[in-house]
Amino acid sequence: KNEDSDEERLTPDTGRRSRHRKIHSHAFEDAMKESRRAFFNFDTVAAGGNILLNGINMKNTLFIQFSQDCTSSNDIEGLLWTAPLSLDLKKLRAGGNRSGSLQLPPLKGSIGDDADFYVSVTVERSGIPYCSIFAPYWLNNKTGMKMVLKFSGRDDCMYDSGAGGLPIMAMCHPSEKKDSGDQREVCILPIEAATLDTAKVWWDEPTNGTLVLNHPPLNSRGKSLVDWSSRVGLDAVGTLGECRCRSFVFGVSIETLTGAFYQSNSIAFTPRYVVKNTMHIPITVLPIAGLLSEVEKMAKRMTDSGLDATLRKYKIRPDAFTSLGLDHSTIIYQFEDVSKISEEKDKDRYFLLRVDATSYNYLEQVRIVIIYTGRRSRM
């Protein structure tokens, strides 16, 4: 025959050893070239999504970079990429390596000022390596106030606008304080009062009514009314309470996220008190802190002597009052202290509701109602 058949070409005869060696050599060389070929992949992953990567040589080091997927009128793509992170895949118990580890030490990275993350690589039961990128702590500031956040184990601070949009994704280290144990903690400090435009970003008007915001001052008579809050444990899942920044009080809640975000805790700072007027007449609200006897005495003086005289007597700011019409609401950030005692734990919180019923032909033109809100908790 002048030509070999197709079958002979595909399955060489064992007697033709040189030809068989040549075919085997080509296959081996192709495999070696494939192993030396650089792996490259560029893809977009949705929040909580997954992508499948094929063709990675488990004996090589894999370098990975991340970038926020955002759109902008300016070309800022080059500013958003992280530094390359190296994953030593040959240390994993995968790709034929039976003596490797089932997990690599987590790597730390940062995208911008407000987005820290961990990269975790584990080997699943199927033997396939799984790479997870997650932020251990999501902090949502829905107070409407600009804040500084200070984390344990870090020298730098983070800033938040208070609009409650994208959360701050942060990581921190155990506190160095002896009484904190192995806890990871955060402290907050308000640096700018709330504005109506900022608060309306997260305010649910159909549910909470029209927001009437009384801008609380951060300074009074040359004295600061705010300070760093007490430490809040980021791993204290189930926490539902408050934190105080001297005279300012905020609500705080901590929960573990579910689904694809199960490795993250969500820490939300919110207004502690919201007052909504659902009556058919307008009211004026004054938040007060002190003993019940002192609050009753002040309410009586307000009825007998009038509002202006009472404000001068107790040195209360005129703008501490908030007037609410029908279906109007306000956020309470601080309570005016009318007590002579210095221990905060011994003071209670009250709302004085001033009902002006003159235009409604009520028998009593002005009525003061005292509402007990509870004792100041310590966090």
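**View 1. Aromatic pairs, with Trp138 and Phe261 in the frame.** This predicted model holds 9 aromatic pairs. In one of them, the ring centres of Trp138 and Phe261 are 5.3 Å apart and the planes meet at 65°, so the pair is edge-to-face. The cut-off for that label is an angle over 60 degrees. Trp138 belongs to strand E6 (residues 137–141), whereas Phe261 comes from the loop between strand E16 (248–256) and strand E17 (265–271), so the contact ties together parts that lie 123 residues apart in sequence. Trp138 counts as buried at 18% relative accessibility, and Phe261 counts as partly exposed at 29%. Elsewhere, Phe248, Phe250 and Tyr333 come together as one aromatic cluster.

**View 2. Charges over rings.** Here you can look for two side chains placed over aromatic faces. Lys150 lies over the face of Trp228, 4.3 Å from the ring centre. Trp228 itself is in the loop between strand E13 (223–224) and strand E14, and with a relative accessible area of 29% it is partly exposed. Val148 is 80 residues from Trp228 in sequence, yet their C-alpha atoms are 9.1 Å apart in space. In the second case, the charged end of Arg272 sits over the ring of Tyr273, at 5.8 Å from its centre.

**View 3. An open sheet of 4 strands.** Reading across, the strand order is E8-E7-E10-E14, and the pairing is antiparallel. Which strands stand at the edges? They are E8 (157–160) and E14 (232–233); each has a single partner strand, so one side of each is left without a neighbour in the sheet. Inside the sheet, E7 (residues 146–151) and E10 (residues 185–192) are joined by 6 bridges and run antiparallel, with Lys146 opposite Glu192 of E10.

**View 4. The hairpin of E7 and E8.** These two strands pair in the antiparallel sense over 4 bridges, and Leu149 stands opposite Met158 of E8. The hairpin has 5 residues between its strands, and Gly153 takes a positive phi near 75°. E8 offers a covered face with Met158 and Asp160 and an uncovered face with Cys157 and Tyr159.

**View 5. Alternating side chains along E1, and a nonpolar patch.** In E1, Leu62 and Ile64 point to one face and are buried, while Thr61 and Phe63 point to the other and are not. E1 is joined to strand E2 (residues 85–88) by 4 bridges, with the two strands antiparallel. Phe63 stands opposite Ser86 of E2. Turning to the surface, Phe39, Val45, Ile51 and Leu53 make a nonpolar patch of about 290 Å². Leu53 is found in the loop between helix H2 (17–36) and strand E1 (61–64), and is partly exposed with a relative accessible area of 34%.

**View 6. Positive phi outside glycine.** Most residues other than glycine have a negative phi, which makes a good backdrop for two loop residues. Arg246 has a positive phi of about 65° although it is not a glycine. Arg246 is placed in the loop between strand E15 (240–245) and E16, where it counts as partly exposed at 41% relative accessibility. For Asp327, phi is near 65°, again a positive value in a residue other than glycine. Asp327 is in the loop between strand E20 (322–324) and strand E21 (328–332), and is partly exposed with a relative accessible area of 37%.

**View 7. Salt bridges.** A search of the whole structure finds 14 salt bridges. Asp304 and Lys300 meet in one of 2.8 Å, N to O; being 4 residues apart in helix H6 (residues 292–305), these side chains belong to positions separated by about one helical turn. Asp304 counts as exposed at 53% relative accessibility, and Lys300 counts as exposed at 55%. Is Lys347, by contrast, buried or exposed? Lys347 counts as buried, at 2% relative accessibility. Lys347 forms a salt bridge with Asp337, the closest N and O atoms being 2.3 Å apart. That pair joins the loop between strand E22 (336–337) and strand E23 (348–356), where Lys347 lies, to Asp337 in E22, 10 residues away. Asp337 counts as partly exposed at 34%. Finally, Asp88, Lys90 and Lys91 are linked in a network of salt bridges; within this group, Asp88 and Lys91 meet at 3.8 Å, N to O.

Terms used: Residues numbered from 1 in each chain as written. Predicted model: local features only at pLDDT ≥ 70, side-chain atom pairs only at ≥ 80, totals over all residues. Heavy atoms only, no water. Phe/Tyr/Trp six-rings, centres within 6.5 Å; stacked < 30°, edge-to-face > 60°. Buried < 20%, exposed > 50% of the residue type's maximum accessible area, 1.4 Å probe, protein only. Lys NZ or Arg CZ within 6 Å of the ring centre and 35° of its normal. Pairing = 2+ DSSP bridges. Patch = residues over 30% accessible without salt bridge, like charges linked within 9 Å, V, L, I, M, F, W, Y side chains within 5 Å. Areas by Shrake-Rupley, 256 points an atom, 1.4 Å probe, with all protein chains shown as cover. Salt bridge = Lys/Arg side-chain N within 4 Å of Asp/Glu carboxyl O.
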